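Colleague: Could you walk me through this one before I go back to the bench? I'll keep my questions short.

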Amino acid sequence: MASHTEGIHIDVYFCWWLPLYEWKMISKTIRLPEDLISNMSLHSLLQNKLPPEKLALLPKHFEVIGDIAIINIPHSLDTEKHLISEALSFQRKDIKTVLLKLNKIEGAARVADFELLLGDRTTTLHRENGCVFFLDVTKTFFSGKMYYERGRIAQKVNDGEDVLVLFAGAGPFLIPIKKQRNVNITGLDNNREACTYLRKNIELNHIDGNVILGDARHVINLFKENFDRIVMPAPYGQDFFLDIAQSVLKPGGYVHFYTFKKDFEIPHFRRLLEEKGWFIDFYRDCGDVAPRVKRYVFDLHLRG
Ligand SMILES: C[S@@+](CC[C@H](N)C(=O)[O-])C[C@H]1O[C@@H](n2cnc3c(N)ncnc32)[C@H](O)[C@@H]1O
C-alpha cells in the first residue's frame with residue numbers, strides 16, 4: 001500500500017496544438033488532489049491490486065461512527081481483509097479504526113461481534129444533531145443512519161413535557177431532545193454499558209436526564225408518573241412493547257414507534273393500530289435493514 005503522502009499517479013495523454021498544425025501526443029504523470037482520492041471507491045483504490053472477480057465482491061458501503069469504520073467483508077475476501085482496511089483508511093483520513101463485522105446484530109444488547117483490522121481502540125466520539133456521543137461500538141448499539149429521524153423527533157417535542165425514551169442506548173434520541181427542549185426526560189435500557197455511556201453523554205452535552213437500567217417489559221412497575229410522550233426504537237420483531245408502553249402513557253399522549261416491516265405488511269399493521277385505538281399522525285419508511293425489510297416509524301397518539 002502506498003503511503004498517505006504519496007498520492008495516486010495516473011497516466012494521461014495531453015494533446016498539444018503545435019504551431020506547425022500538427023497534433024502531438026505526449027504521456028505525462030500527474031498527481032490527483034487529496035479531495036479526489038477521498039471520493040474514490042474502494043473498488044478504484046484496489047483496482048490494480050485485486051483481480052476483477054475479487055473486486056466485484058468488495059463492499060460498496062461501510063458505516064462510520066465517529067472515527068471508526070465498520071465494514072462487512074465476505075469470507076471469500078478473507079485473505080484481502082487487511083489490504084481492504086488499509087485502502088479504506090487511505091480513502092478516509094478521518095478513520096482511525098476499522099472493524100470487521102463478524103455476524104449480524106444479536107442478543108439483548110443488540111451488538112455484533114467484531115474483528116479489529118486497523119487501529120487500537122473501539123471507543124469513539126461521534127457528532128450528530130449538534131450533540132456529541134462517546135461510546136464503545138462493541139459494547140452498545142449505535143447506528144448513524146437514523147440521525148435524520150432523531151433530529152425530526154426532537155422538533156416534535158414541546159417544552160414542559162414528561163418524555164420517556166425506551167431502548168435509549170447511548171442517547172442518540174434522548175440527548176438532542178433535551179438539548180433543544182425544556183423537558184423532564186428519562187432514558188431506559190437493559191444494557192448496563194449503554195446506561196453508563198448514556199450517563200456520560202448527558203454530562204458531555206451539559207444537560208440533565210434520568211437514566212434507568214431496567215427491562216422495558218416492567219415499565220408499569222418502574223414509574224409512578226405517566227408520560228406525555230414515549231420514543232421507542234423497539235428491537236426487531238418486538239412490537240408487543242407498544243401495548244406495554246401504552247400502560248405508562250398519559251391520556252392523549254404521543255408515541256414515536258419504530259418497527260421493522262415489509263411494505264406489503266403496512267396496510268394490515270395500520271388497521272391493527274387503529275383497531276387498538278391509536279391515531280396515526282404520520283408514518284414513513286426510514287430505510288432498508290435487510291432484503292425487502294424496512295424500518296418504519298409511526299407517530300401515534302391515543303384516541304380520546
Ligand atoms: C436497536 S437498539 C436502539 C438504541 C438507540 N436508541 C439507537 O437508536 O441507537 C435497542 C436498544 O434496546 C436495548 N434493549 C433491548 N431489549 C430491551 C429491553 N427488554 N428492555 C430495555 N432495553 C432493551 C438494547 O440494549 C439496545 O440498546
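Colleague: Which residue in β13 does V231 stand opposite?
Modeller: Bearing in mind that this is a predicted model, V231 stands opposite H256 in β13.

Colleague: And how do β12 and β13 pair, parallel or antiparallel?
Modeller: Strand β12, residues 227–233, and strand β13, residues 249–262, pair in the parallel sense, with six bridges between them. Together with helix α9, residues 241–246, these strands make a β-α-β unit that is right-handed.

Colleague: What about β13 and β15, in which sense do they pair?
Modeller: That pairing is antiparallel and runs over nine bridges, with β15 covering residues 293–302; as one example, F257 has F298 in β15 as its bridge partner.

Colleague: Switching topic, where does the ligand lie?
Modeller: The ligand lies between domain 1 (35–121) and domain 2 (126–302), because both of them give residues to the shell around it. That shell holds 23 residues, of which F167, G169, N190, N191 and A216 are the closest.

Colleague: How many of the shell residues are nonpolar, polar or charged?
Modeller: By class, 14 are nonpolar, five are polar and four are charged.

Colleague: Last thing, what is the strand order in the open sheet of four strands?
Modeller: The order is β3-β4-β5-β6, with mixed pairing, and the edge strands, β3 (63–65) and β6 (114–118), each pair on one side only. Strands β3 and β4, the latter at residues 68–71, pair in the antiparallel sense over three bridges, and I65 has I68 in β4 as its bridge partner.

Colleague: Which helix lies across β4, β5 and β6?
Modeller: That is α4, residues 81–91, which runs at about 65 degrees to β6.

Key: Residues are numbered from 1 along each chain as its sequence is written. This is a predicted model: local features need pLDDT of at least 70, side-chain atom pairs count only at pLDDT 80 or more; totals for chains, interfaces and linings use all residues. A residue is near a molecule or strand if its C-beta atom, placed from the backbone, lies within 6 Å of it. Ala, Val, Leu, Ile, Met, Phe, Trp, Tyr, Cys and Pro count as nonpolar, Asp, Glu, Lys and Arg as charged, and the others, Gly among them, as polar. Domain bounds come from an automatic or database domain assignment. Two strands pair if DSSP finds at least two bridges between them. Helices (H or I, at least four residues) and strands (E, at least two) are DSSP runs, numbered from the N terminus. A crossover is right-handed if, with the strands pointing away from the viewer, the path from the first strand over the helix to the second runs clockwise. Two residues are in contact if their C-beta atoms, placed from the backbone, lie within 7 Å. Axes are lines fitted to C-alpha atoms, for helices over the stretch in contact, and angles run from 0 to 180 degrees between N-to-C directions.
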